[in-house]
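Hi everyone, thanks for coming. I'd like to walk you through one structure today, so please have the picture open in front of you.

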Amino acid sequence: MREGMNVKALGVNVKYYREQKDLTANRLAEMADVSLSHIKNIESASVNASAKVLVQIANALEVPIDVLLCDSPKDSTNRMARVMEYNHLLSDCNDAERKIIMGTVRELKKQLRDVRENGGM
C-alpha cells in the first residue's frame, strides 16, 4: 500500500463490510483466497495489504476498493449508497441512453461549478 494510507481505516472498513454481509473472517478469507490470519491482521491494522489482496477482498465483499480505503464506514456507506442509486437508475438504459445521460450530467456539473465560481451559489 502507498505510504500515508490509513491502515486502521482499511481494517475497520474490511471488518464493517464483512459483518454487513454477515460473513465470518474465515469465510471472507476463503472467498478472497487469502489466509485467515492475513484477514485478521488486516482488520486489526497489524499489516499492510498489497494491491492484489485489496482487489481480492473488495471483490469478495462486492464493494469498490475506494470504499475500503475511505476513512470511515459512514463516508464509504454514503458513497456506496450513491453508487448503487446511480447503477439502479442506469440499469435499464441501453448504451446510447447511458451516453446521453452521462454527457448531460457532465455538462450540468460544469454549469453548476461555473455558477458557483461566479458567485451564484
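Let's begin with the largest pocket: α6, residues 73-90, and α7, residues 95-117, each supply at least two residues of its lining. Please keep in mind throughout that this is a predicted model. Which helix gives the most to that lining? α7 does, with 4 residues. If you'd like to find the place on your screen, look for Y86, L89, L90, I101, M102, V105 and R106, which line the pocket. The volume of this largest pocket comes to about 210 Å³.

Now let's step back to the whole chain. Its secondary structure amounts to 7 helices and 0 strands, so if you read along the sequence you just get α-α-α-α-α-α-α. The chain has 121 residues, and 29% of them are buried. Take the contacts between residues at least 6 apart in sequence: 53% of those join residues at least 24 apart.

Next, the core. Here is a general idea to carry with you: in soluble globular proteins, nonpolar side chains tend to be buried together. In our model, the largest nonpolar core has 21 residues, and the ones touching the most other members are L10, V14, I39, I42, I57, L61 and L68. Where do these core residues come from? At least two are supplied by each of α1 (7-20), α2 (25-32), α3 (36-43), α4 (51-61) and α5 (65-69). The helix that gives the most to this core is α4, with 6 residues.

Let's stay with α4 for a moment. Its buried residues are V53, L54, Q56, I57, A58, A60 and L61. And what covers them? The cover includes α1, α2, α3 and α5. Just after α4 ends, you'll find E62 with a positive phi of about 60 degrees.

Now for α1, and a little sum you can check yourselves. This helix has 14 residues, and at 1.5 Å a residue it should span 20 Å; the C-alpha atoms at its ends are 20 Å apart, which agrees. At its N-terminal end sits a cap, N6, with a side-chain oxygen 3.2 Å from the backbone nitrogen of K8. Just after α1 comes D22, and this residue takes a positive phi of about 60 degrees.

Which residues of α1 are buried? They are V7, A9, L10, G11, N13, V14, Y17 and R18. As background, an α-helix has 3.6 residues a turn, so residues three or four places apart point the same way. Pick out V14 on your screen: setting aside residues up to four places away in sequence, V14 touches L28, I42, E43, I57, L61 and L68.

I've saved R18 for last. R18 belongs to helix α1. Is R18 buried or exposed? Its relative accessibility is 9%, and because buried means under 20%, R18 counts as buried. So what does the side chain of R18 reach? One partner is the backbone oxygen of L23, at 2.9 Å. The R18 side chain also makes a polar contact with the side chain of E43, at 2.7 Å. Leaving out neighbours within four places in sequence, the residues in contact with R18 are L23, T24, A25, L28, E43 and L61.

That's my tour, and I'm happy to take questions.

Definitions and conventions
Residues numbered from 1 in each chain as written. Predicted model: local features only at pLDDT ≥ 70, side-chain atom pairs only at ≥ 80, totals over all residues. Heavy atoms only, no water. Core = buried A, V, L, I, M, F, W, Y, C linked by side-chain atoms within 4.5 Å. Buried < 20%, exposed > 50% of the residue type's maximum accessible area, 1.4 Å probe, protein only. Contact = heavy atoms within 4.5 Å. Expected span 1.5 Å × (residues − 1). Polar contact = N/O pair within 3.5 Å; in protein donor to acceptor, adjacent residues only side chain to side chain. 1 Å grid on protein atoms, 1.4 Å probe; cavity = no way out; pocket = protein on both sides within 12 Å on 5 of 7 lines; lining within 4 Å. Points joined across faces, edges and corners; volume = space filled by probe spheres on them.
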